[in-house]
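Dear colleague,

Please find below the structure I am handing over to you. My notes on it follow directly after.

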Amino acid sequence: RPQNPVESSRVSPSSARLPDARSTTMPSGLPGLVVTVDDPTAESSYGGLGGHATYRVLTKHPDLGETTVRHRYSEFRSLRKSLLEACPGVLLPLIPEKKILANSSMLLHDADFLARRAAELAEFLSQVTSHQLCMASAELSNFLRWPQPLVVLVQEHAAAQELPPLERADGVDGADPLASSEGDLVAERDDLEAARIVLQRLASRQKDSATDTLLFGKLCQELSSHGHVAGLRAPLRSAADGTGAVAAALQAQAEANAVSELLLRLGRFARLAGSALEQVALRRKLAERASSTAKRLADVSAKEGRETKDSKRDRLGEEARRLSILLQELRDAHAAFTRTLLWELGRFRAAKEDGLYCALRSFSAANEAHSQRVAAAWAATAAGVAGAGGGVGGGGGPGEERE
């Protein structure tokens, strides 16, 4: 991997300063910076067996031009793993899961799959490059092959941000401000994902309803051709014509709901809740390491106090000093991790509240409009059938009542 000449001066979550979570609901990226992922290309392995896809990653800045590099899927996953270590406490977007098939080469020729994956990887990079705590990391700039002037510009922008002070205990020695976060996040993630699945199923059923309505219209048309329904021929044809308009309105509603902003945001926030759970687990491991070190320090200090031989006491004393330094480093790291994660969770929930409210309002208004068009199409169908009926409907047949 090419080395970044300013790697040692990158901004880390512990030193960056960010605004209060209530002041922003979205990451604040460098103005004018755009990163896209496109042009998935299948590349065969040596000998023509197997292969992999690469994606073009394009960085654009109005003053610094463009930078292009190609990466394969596994390199995106490696980048995310590196950022997890470099940016503790940050809610990194999840990378789409690796697809495992008996014949994996089939995916290399699946244009729809490759396009979806490119879009998912683009969303990942868009969020990472606009995040104050990630944008200045050497791991990211190396991955994107940013030129030195752009690296410096991004670092200056990131360094201007501010984290709020840690006002509560960090959870190692005192009350943990994130004690209930794991259970809350599990419920949050599961409910968001369940809502996304139900909404997706609703759109699918609306599409089925449109298909069935259209089929009903075709059957009305076929029935109108039967010789024994002379009196019903005109109403049946009118119904066939009307239900075509109804089916079109239902189809438009189903298609709009299948790609609605609400559906997209439910999925996005469910994935971010999953990222938060990932960070909670990493923070817990850091706390466990600090607790283990504290216990080890206590044991060594106790042995040092009981030891009568100078040489052994000196060795134990040296080990105790080393453990004491390590423990302080771990506690400082845990406090910084906690501060970052608390800020991230506050910002995540503010973004979720605003984002879902706007999407839900838009979704409701759009479905109201679609429902009005469906109702109007049915009203026109009913009027057409009634007008075409003429004298039909005067008397009932066997077992049938007439109004």
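The notes below cover one helix, one arginine and the cysteines.

This is a predicted model, in which local features need pLDDT of at least 70 and side-chain atom pairs count only at pLDDT 80 or more, while totals for chains, interfaces and linings use all residues. Residues are numbered from 1 along each chain as its sequence is written, and side-chain values use heavy atoms, with hydrogens and water left out.

Helix α4 comprises residues 148-159; helices (H or I, at least four residues) and strands (E, at least two) are DSSP runs, numbered from the N terminus. The end C-alpha atoms of α4 are 16 Å apart, in agreement with the 16 Å expected for twelve residues at 1.5 Å a residue (1.5 Å times one less than the number of residues). Its buried residues (under 20% relative accessible area; exposed is over 50%, partly exposed in between; 1.4 Å probe, protein chains only) are Leu150, Val151, Val154, Gln155, His157 and Ala158. Seen down the axis of α4, they fall within an arc of 160 degrees, so they line one face of the helix (the arc is that of the directions from the helix axis to the C-beta atoms). These buried residues pack against β2 (51-61) and α3 (138-144).

Arg268 lies in helix α7 (residues 261-306) and, at 27% relative accessibility, counts as partly exposed. Its side chain makes a polar contact of 3.1 Å with that of Glu123 (a pair of N or O atoms within 3.5 Å; within protein, one must be able to donate a hydrogen and the other to accept it, and residues adjacent in sequence count only if both atoms are side-chain atoms).

The structure holds zero disulfides (pairs of cysteine sulfur atoms within 2.5 Å). The cysteine sulfur nearest to Cys87, that of Cys134, is 3.8 Å away.

Kind regards

Notes
Contact means heavy atoms within 4.5 Å.
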